[in-house]
Amino acid sequence: MRVEQLGDGQPEVAVVAGIHGDEPCGPRAVERLLEEDPDVERPVKLVVANERALERGVRYVNEDLNRAFPGDPHGENYEQRIAHDLFAELRDCTTLSLHSTQSYAEPFALVDRVDAVARSICPYLPITEVVETAEFATGRLIAQPHTIEVECGLQGTDAAAENAYHLVRGFLAATGVRPTDEGDDPIDAGARGEVEVYRLRRPVPKNGASKYEVLVENFEDVVAGEPFAVADDERLMAEEPFVPILMSAYGYEDVFGYTGERVGTLGD
C-alpha cells in the first residue's frame with residue numbers, strides 16, 4: 001500500500017485509489033495530482049491500496065478488498081491484511097474512494113446512507129446521481145463513516161481516468177483542501193448541481209447461462225413486463241418496475257447488477 005500526502009499536518013481528508021487492481025483510473029488520477037503538486041489549504045492523504053493486484057492487472061489477489069473491511073492484521077490472505085492497514089490509515093478521515101465499472105460510462109456516487117457528509121460533498125462533484133447501498137454495504141469501505149465511493153466510468157478507459165481526476169478536484173474543493181476559484185468551470189467555481197438520489201433494492205441473479213446481454217440502460221426506468229436482459233436465448237422480463245443500477249452482462253459473476261428506486265434529490 002502506497003501512502004502519499006499533500007500539505008503539512010495530520011490529514012482529516014483522504015483519497016483512496018486502486019482498491020481493485022483492474023480499475024486503473026484512480027491511481028492515474030492520484031499520480032496526476034502528485035505531479036501537479038498543488039498548493040493546499042489543509043493536508044490530504046492520497047492512498048493507492050492494492051498495489052499487488054494493480055501490478056498484475058487483476059481485481060484482487062486472494063479476495064475482493066472492497067468486501068474485506070474492516071480487515072484482520074493476522075488474516076490468512078493479503079486483502080484481509082491490507083483492509084486492516086487501510087482502515088487504520090483512514091481513521092477519522094473524510095474519504096473519497098475511486099472505482100470504475102463495466103456498466104455505466106458516466107460518473108456517479110455511492111454511499112451507505114445519504115447523510116450530512118454526502119449532502120455537503122456530492123453537489124460539488126461532477127455527478128448527477130448518488131446511490132444509497134444500505135444493506136449491501138457490508139464489508140465495503142463505504143460502510144465506514146464519512147466515506148463516499150465514486151464510479152468514475154468504464155474500466156480501463158481514458159475517460160474514466162479523466163473523470164477520476166475531476167472527481168478528486170471537486171472533492172478537495174468541497175472539503176476545503178483546495179480553494180473554489182471563481183471561473184466558468186463549475187468544478188473550480190464550486191457550483192452546486194442537482195443530484196438525484198437512488199436506493200438499491202435487490203440484486204438481479206444470473207441463471208447459469210453461458211452468454212448474457214443487458215437490454216436496458218442504468219438509471220432509466222424499466223416497466224413491469226419489459227425485457228431487461230437475455231440469458232442464452234431466454235429473454236428475462238421485469239416482474240415489477242425498477243431502475244437498473246450497476247447492471248451489466250459481465251461486471252459481476254453471479255448477478256447482472258441491482259434493481260433500484262428513485263427516492264428524491266439531495267435538496268429534498
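These questions and answers walk through the sheets, cores and salt bridges of a predicted model.

Q: Which strands stand at the edges of the open sheet of 10 strands?
A: The strand order is β1-β3-β2-β4-β7-β5-β6-β8-β13-β12, with mixed pairing. An edge strand has a single partner, so one side of it is left without a neighbour in the sheet. The two strands that fit are β1 (2–6) and β12 (243–245).

Q: By what angle are neighbouring strands of this sheet turned against each other on average?
A: The sheet in question is the open one of 10 strands. Direction is ignored in this average. The turn is 30°.

Q: Which residue in β13 does Pro244 stand opposite?
A: Strand β12 covers residues 243–245. It is joined to β13 (residues 255–265) by 3 bridges, and the two run antiparallel. Opposite Pro244 in β13 stands Thr259.

Q: What angle does the direction of helix α3 make with that of β2?
A: Helix α3 (residues 78–90) packs on the sheet. It touches β1, β2 (13–17), β3 (44–48) and β4 (94–101). With the direction of β2, the helix makes about 155°.

Q: Which residue is the bridge partner of Pro227 in β11?
A: Another open sheet has 3 strands in the order β9-β10-β11, with antiparallel pairing. Its edge strands are β9 (212–214) and β11 (234–237). Strand β10 (residues 227–231) pairs with β11 over 4 bridges. The partner of Pro227 is Met237.

Q: Which element gives the most residues to the largest nonpolar core?
A: This core has 39 residues, and Leu98, Ile148, Val150 and Leu172 have the most contacts inside it. Several elements give two or more residues, including β4, β7 (147–154) and α5 (158–174). The top contributor, with 8 residues, is α5.

Q: Which residues from Ala109 to Val111 is Ile148 in contact with?
A: Neighbours within four places in sequence are left aside. Ile148 is among the residues with the most contacts inside the largest core. Its partners include Thr95, Leu96 and Ser97, as well as Val117 and Ala118. From the stretch asked about, they are Ala109, Leu110 and Val111.

Q: How many residues apart in sequence are the parts that Asp158 and Arg28 tie together?
A: Their side chains meet in a salt bridge, 3.1 Å from N to O. Asp158 counts as exposed at 54% relative accessibility, while Arg28 is partly exposed at 41%. Asp158 lies in helix α5 and Arg28 in helix α1, so the parts tied together are separated by 130 residues.

Q: Is Glu132 buried or exposed?
A: Glu132 forms a salt bridge with Arg199, the closest N and O atoms being 2.8 Å apart. Glu132 sits in strand β6 and Arg199 in strand β8. Arg199 is partly exposed at 28%. The relative accessible area of Glu132 is 6%, and buried means under 20%, so Glu132 is buried.

Q: Where does Glu240, the salt-bridge partner of Arg202, lie?
A: The side chains of Arg202 and Glu240 meet at 2.6 Å, N to O. Both are partly exposed: Arg202 at 41%, Glu240 at 35%. Arg202 lies in strand β8, and the pair ties together parts 38 residues apart in sequence. Glu240 lies in the loop between β11 and β12.

Q: Which residues are linked with Arg2 in a network of salt bridges?
A: The count of salt bridges comes to 15. Arg2 belongs to a network of them. Its other members are Glu4 and Glu31.

Methods
Residues numbered from 1 in each chain as written. Predicted model: local features only at pLDDT ≥ 70, side-chain atom pairs only at ≥ 80, totals over all residues. Heavy atoms only, no water. Pairing = 2+ DSSP bridges. Axes fitted to C-alpha atoms, helices over the stretch in contact; angles between N-to-C directions. Contact = heavy atoms within 4.5 Å. Core = buried A, V, L, I, M, F, W, Y, C linked by side-chain atoms within 4.5 Å. Buried < 20%, exposed > 50% of the residue type's maximum accessible area, 1.4 Å probe, protein only. Salt bridge = Lys/Arg side-chain N within 4 Å of Asp/Glu carboxyl O.
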